Amino acid sequence: YVIEDVKVHLDVPITTDLSLLTIGWFLFLSIIAYQICTLLFGPYSRIRLKVIGKQARAINRSKKRVGRMPPPYPNTWYHLLLSQELKQSTPVYIECLGEHLLIIRDSSGIPHVLDAYCPHLGADLSLGKVVGDCIQCPFHGWKFNLSGKCVDIPYSEKIPNSAKIRSWPVLESNGQIMFYYHVNGKEPDWTPPVYEPIQKGNYRFHGVAENRVYAHIQEIPENGADTKHLDFLHVPFVFDIFSIALSHCWEASWKAGEGSEPHLAHMKLNEYFRFFGRKIN
């Protein structure tokens, strides 16, 4: 047997349709497009307020004192879920404003918000079973109606008066479920207005833009009403080298609600660009 080594050399030219210059322009334009989208659609995403944990807890403890100090959270309505996120007979657990909440629909489809933990030994009721218009504790089988009162203890005929959980004011409108928080437990004296195009389904839902900001919940709306910081912080464009030709401008004004709407604040915000000093509408 004769074994011969055969070496084959193939000279294949390697070609590409994209030159280095084309790739460079593509990367440059991609960076510009990304920065413009960030500027237009996420003006607050660059805000990162970091507070030392111990200091934040001390501030919250001091604000829980009823008196001259404001409440730890504003007394108002808060969003919990979109309507389509809460299914029939499927309890949902949410932690909000330092509260542990259970959200559930009754047999008529009306949402209810309750404290999430059983007053007996603290079991998580969101892991329990929905029985009619009651939620059953997964630990000992206690049943609570959707007003928060215990209506059945399987092994006892007597139900203590203390066997109840808190029921929160709740509202479903504009495609979302909200609950009312008041530091002193008062009932709401107003409700958010209903927006008919959403209520009737004339608006199509496309998604949610969400930014996570490390700050107290009240600081964002207060920051929005602080119109003097807009020109100082948000005017500079994507890169400083472009600020000579293109600048980002704000005009804002706001006023407090009057008459029967003292809980409202009206803010008018006008955002535009200037190109070499000329306003672009």
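Leu20 sits in helix H1, which runs over residues 20-41. Leu20 is exposed, at 77% relative accessible area. It has company. Leu20, Ile23, Phe26 and Leu27 make up a nonpolar patch on the surface. Together those four side chains offer about 460 Å² of accessible area.

A word on what we are looking at. This is a predicted model. The average pLDDT for the protein is 79. A score of at least 70 is reached by 76% of the residues. Now the weak spots. Residues 1-16 stay under 50 in pLDDT. For that stretch the model has zero contacts beyond four places in sequence. Residues 43-53 are also below 50. But that second stretch does have contacts beyond near neighbours in sequence, 19 of them in the model.

Next, the overall picture. The protein has 281 residues. The secondary structure comes to five helices and 14 strands. Buried residues make up 27%. The accessible surface is about 20,300 Å². Carbon and sulfur atoms account for 57% of that surface. Then contact range. Take the contacts between residues at least 6 apart in sequence: 44% of them join residues at least 24 apart.

On to the rings. How many aromatic pairs does the count come to? Seven. I will take two of them.

Start with Tyr73 and Tyr181. That pair is edge-to-face, with 6.0 Å centre to centre and 85° between the planes. The cut-off for edge-to-face is over 60 degrees, so 85° qualifies. Where do the two residues sit in the chain? Tyr73 is in the loop between helix H2 (53-63) and strand E1 (76-82). Tyr181 is in strand E11, residues 176-181. The pair links distant parts of the chain, 108 residues apart. Buried or exposed, then, for Tyr73? Buried, with a relative accessible area of 18%. The limit for buried is under 20%, so Tyr73 makes the cut at 18%. Tyr181 is buried too, at 6%.

The second pair is Tyr93 with Tyr117. This one is tilted: 6.5 Å centre to centre, 40° between the planes. Tyr93 lies in strand E2, residues 92-96. Tyr117 lies in the loop between strand E4 (111-115) and strand E5 (129-131). So the pair ties together parts that are 24 residues apart in sequence. Burial now. Tyr93 is partly exposed at 31% relative accessible area. Tyr117 is partly exposed as well, at 36%.

Back to Tyr73 and Tyr181 for a moment. Both belong to a cluster linked by ring pairs. The members are Tyr73, Tyr78, Trp168, Phe179 and Tyr181.

Now a loop residue, Asn174. Its place is between strand E10 (170-173) and E11. Asn174 is buried, with a relative accessible area of 16%. What does Asn174 touch, leaving out residues up to four places away in sequence? Pro193, Val194, Tyr195, Ile198 and Gln199. Glu196 gives us a C-alpha distance in this region. The C-alpha atoms of Asn174 and Glu196 are separated by 7.8 Å. Along the chain, those two residues are 22 apart.

Last topic: charges. Side chains of opposite charge can pair when their charged atoms come close. A search of the whole structure turns up two salt bridges.

One joins the side chains of Arg105 and Glu172, at 2.9 Å from N to O. Arg105 is in strand E3, residues 99-105. Glu172 is in strand E10. The two are 67 residues apart, and the pair links distant parts of the chain. Arg105 counts as buried, at 10% relative accessibility. Glu172 is partly exposed, at 30%.

The other salt bridge joins the side chains of Glu210 and Arg212, at 3.3 Å from N to O. How does burial look here? Glu210 is exposed, with a relative accessible area of 57%. Arg212 is exposed too, at 64%. Exposed needs over 50%, so Glu210 and Arg212 both pass, at 57% and 64%.

To put the two bridges side by side: Arg105 is buried and Glu172 partly exposed, whereas Glu210 is exposed and so is Arg212.

Note on methods
Residues are numbered from 1 along each chain as its sequence is written. This is a predicted model: local features need pLDDT of at least 70, side-chain atom pairs count only at pLDDT 80 or more; totals for chains, interfaces and linings use all residues. Side-chain values use heavy atoms; hydrogens and water are left out. Helices (H or I, at least four residues) and strands (E, at least two) are DSSP runs, numbered from the N terminus. Buried means under 20% relative accessible area, exposed over 50%, partly exposed in between (1.4 Å probe, protein chains only). Contact means heavy atoms within 4.5 Å. Accessible areas come from the Shrake-Rupley method with a 1.4 Å probe; for residues, only the protein chains shown count as cover. pLDDT is the predictor's confidence in each residue, from 0 to 100. Patches are made of residues with over 30% relative accessible area and no salt bridge: like charges are joined within 9 Å, nonpolar side chains (Val, Leu, Ile, Met, Phe, Trp, Tyr) within 5 Å. Rings of Phe, Tyr and Trp (its six-membered ring) pair if their centres lie within 6.5 Å; planes under 30 degrees apart count as stacked, over 60 as edge-to-face and the rest as tilted.
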